[in-house]
Amino acid sequence: MSWGTELWDQFDNLEKHTQWGIDILEKYIKFVKERTEIELSYAKQLRNLSKKYQPKKNSKEEEEYRYTACKAFLSTLNEMNDYAGQHEVVSENLTSQILAGLARYVQELKQERKSNFHDGRKAQQHIETCWKQLESSKRRFERDCKEADRAQQYFEKMDADINVTKADVEKARQQAQIRHQMAEDSKADYSSILQRFNHEQRDYYHTHIPNIFQKIQEMEERRIVRLGESMKTYAEVDRQVIPIIGKCLDGIVKAAEGIDEKTDSQLVIEAYKSGFEPPGDIEFEDYTQPMKRTVSENSLSNSRDGKAEPKFGGKPKGKLWPFIKKNKGAAPEDFSNLPPEQRRKKLQQKVDELNKEIQKEMDQREAITKMKDVYLKNPQMGDPASLDHKLTEVIQNIDKLRLEAQKFEAWLAEVEGRLPARGEQRRQSGLYDAQPAPAVNNCAQARESSPDGSYTEEQSQESEVKVLATDFDDEFDDEEPLPAIGTCKALYTFDGQNEGTISVAEGETLYVIEEDKGDGWTRIRRNEDEEGYVPTSYVEVYLDKNAKGAKTYI
């Protein structure tokens with residue numbers, strides 16, 4: 001089955017068919033391109049949908065996601081985000097594995113088709129030229145033969161006429177011979193051209209056209225195969241992401257299976273439990289007896305005393321918490337306006353916040369202490385005394401925060417002591433190993449003995465400051481200058497007007513002797529007499545892996 005032998009006379013139809021094949025291929029390319037755009041759009045919409053329903057940070061919604069059902073919903077949102085990512089992968093793979101290759105192939109196919117049909121037209125034009133030459137030589141041979149016949153007839157007529165002179169007869173004879181010779185020449189030329197044309201025609205129909213049409217057939221078959229391979233790739237691209245999409249769906253199912261209604265019910269109890277006992281029975285008051293009307297301890301007419309505290313384990317005295325309206329005024333510092341369980345949570349939250357603030361101040365104190373240590377070892381970098389005021393201020397802040405934390409811990413211990421279920425679950429902060437805090441019981445007694453129920457900060461802070469200063473002085477021993485641990489390049493110009501800092505110019509290269517410890521400053525050295533701190537963001541640091549062998553300045 002060959003187009004060259006079967007379709008030797010269908011040059012125009014083959015040209016139309018191959019153009020149609022290229023159109024089909026371009027149509028498929030357009031289809032895949034639109035599919036990639038749909039996948040990207042779908043992935044974007046899925047991501048926006050997942051982002052829309054994500055809980056907002058530091059909002060009430062974030063607290064709601066403690067419940068297992070909400071956690072499962074959050075897992076669903078995250079899995080949908082990953083699900084969207086797989087659609088992006090499909091789009092990328094379709095583009096890289098199909099579109100890019102097919103676009104190049106179409107251009108190559110068009111060029112090859114153009115070349116093949118150009119060769120076909122060239123062969124077609126050549127055989128047409130040969131045919132025209134044959135027709136021309138044939139007509140000339142026919143004309144010469146007719147002219148020769150007429151010249152022969154004219155000679156014979158002149159020869160038979162007795163009235164014609166001998167010269168006229170000779171002239172007619174010569175003319176007849178000339179015409180006859182021309183006819184013979186035309187015959188020979190016609191015969192030669194005819195043979196050449198037959199040879200060219202055989203080559204055209206049995207060699208040139210079959211070869212050209214065979215190339216066109218192979219080109220068309222390659223196009224069909226390439227289209228089929230692209231369709232397989234199209235399906236394979238989807239198939240590759242099916243396992244990952246399946247894992248996303250499995251994650252959603254697993255999250256759904258993790259929903260525990262009992263756990264959520266317990267979380268509701270923990271969130272809203274007041275800690276009060278239900279009110280007891282109301283005693284019967286007999287008005288038939290002449291007696292002064294009294295009100296029982298459990299009467300609804302009793303109002304809640306702001307300073308009174310419920311006693312658990314027995315009947316509450318005038319405590320009908322569910323029936324009492326919340327005070328809309330300013331909340332007390334010790335959260336005594338809240339039910340015991342809610343109060344405990346608020347106090348614990350406050351203690352945790354204070355502990356974080358204390359840790360932050362202690363980190364700052366450590367940074368200042370390090371800088372002071374540097375100044376003591378290298379007086380040319382700055383005056384150590386200039387940091388005493390800042391250090392004292394930080395220490396005072398730490399003392400204030402500690403006292404505040406102790407106050408809330410005392411209230412927390414008081415509340416936890418009153419809660420039967422949590423009496424043994426007192427938590428300690430454990431952040432102050434260096435300086436033990438005063439006993440909680442003493443703080444609690446001090447608070448109770450104060451008229452307004454609050455702490456009185458009477459502790460002197462000077463002693464602690466002096467002790468810290470003494471400790472710092474003991475640590476400032478003479479040591480060798482710090483070795484260079486790397487180099488740095490100044491990204492910007494820094495004036496270095498404050499004590500302990502060093503000025504640098506943009507593009508300058510210096511030695512690093514101490515990297516940033518989290519305070520935003522890096523210690524550098526220009527030479528043996530010039531060193532100081534610069535903002536870390538002003539330099540680009542290149543640390544030396546073999547820092548121990550680095551050059552030192554003495």
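A residue counts as partly exposed when its relative accessible area falls between the 20% under which it would be buried and the 50% over which it would be exposed. Keep that in mind as you move around this predicted model.

**Stop 1: one turn of helix α4.** Select Glu142 and Lys146. Both residues sit in helix α4, four residues apart, or about one turn of the helix. Their side chains meet in a salt bridge, with 3.5 Å from N to O. Glu142 has 41% relative accessibility, so it counts as partly exposed. Lys146, at 45%, is partly exposed as well.

**Stop 2: from α2 to α4.** Now pick Arg47 and Glu88. Here a salt bridge brings the closest N and O atoms to 3.0 Å apart. This pair links distant parts of the chain, since Arg47 belongs to helix α2 and Glu88 to helix α4 (residues 68-160), 41 residues apart. Arg47 is partly exposed, with a relative accessible area of 28%, and Glu88 is partly exposed at 23%.

**Stop 3: a nonpolar patch.** Switch on the surface and select Leu49, Tyr53 and Phe73. Together they form a nonpolar surface patch with about 280 Å² of accessible area. Tyr53 is found in the loop between α2 (11-52) and α3 (60-64), and its 40% relative accessibility makes Tyr53 partly exposed.

**Stop 4: a buried pair and its network.** Next, select Arg523 and Glu531. Are these two buried or exposed? Arg523 has 4% relative accessibility, which is under the 20% cut-off, so Arg523 counts as buried. Glu531, at 8%, is buried too. The two form a salt bridge whose closest N and O atoms are 2.8 Å apart. Add Glu514 and Arg525 to the selection, and you have a network of salt bridges linking Glu514, Arg523, Arg525 and Glu531. Across the whole structure, a search finds 21 salt bridges.

**Stop 5: the largest cavity.** Keep Glu514 selected, because this residue also lines the largest cavity. The model has two cavities of 30 Å³ or more, and the largest holds about 60 Å³ of space. To outline it, select Ala367, Lys370, Met371, Glu514, Glu515, Asp516, Lys517, Asp519, Trp521 and Tyr533. Which element gives the largest share of this lining? Helix α7 (residues 340-377) does, with three residues. Try colouring the lining by class: you will find six charged residues, four nonpolar and no polar ones.

Note on methods
Residues numbered from 1 in each chain as written. Predicted model: local features only at pLDDT ≥ 70, side-chain atom pairs only at ≥ 80, totals over all residues. Heavy atoms only, no water. 1 Å grid on protein atoms, 1.4 Å probe; cavity = no way out; pocket = protein on both sides within 12 Å on 5 of 7 lines; lining within 4 Å. Points joined across faces, edges and corners; volume = space filled by probe spheres on them. Helix = DSSP H or I, 4+ residues; strand = E, 2+ residues; numbered from the N terminus. Nonpolar A, V, L, I, M, F, W, Y, C, P; charged D, E, K, R; others polar. Patch = residues over 30% accessible without salt bridge, like charges linked within 9 Å, V, L, I, M, F, W, Y side chains within 5 Å. Areas by Shrake-Rupley, 256 points an atom, 1.4 Å probe, with all protein chains shown as cover. Salt bridge = Lys/Arg side-chain N within 4 Å of Asp/Glu carboxyl O. Buried < 20%, exposed > 50% of the residue type's maximum accessible area, 1.4 Å probe, protein only.
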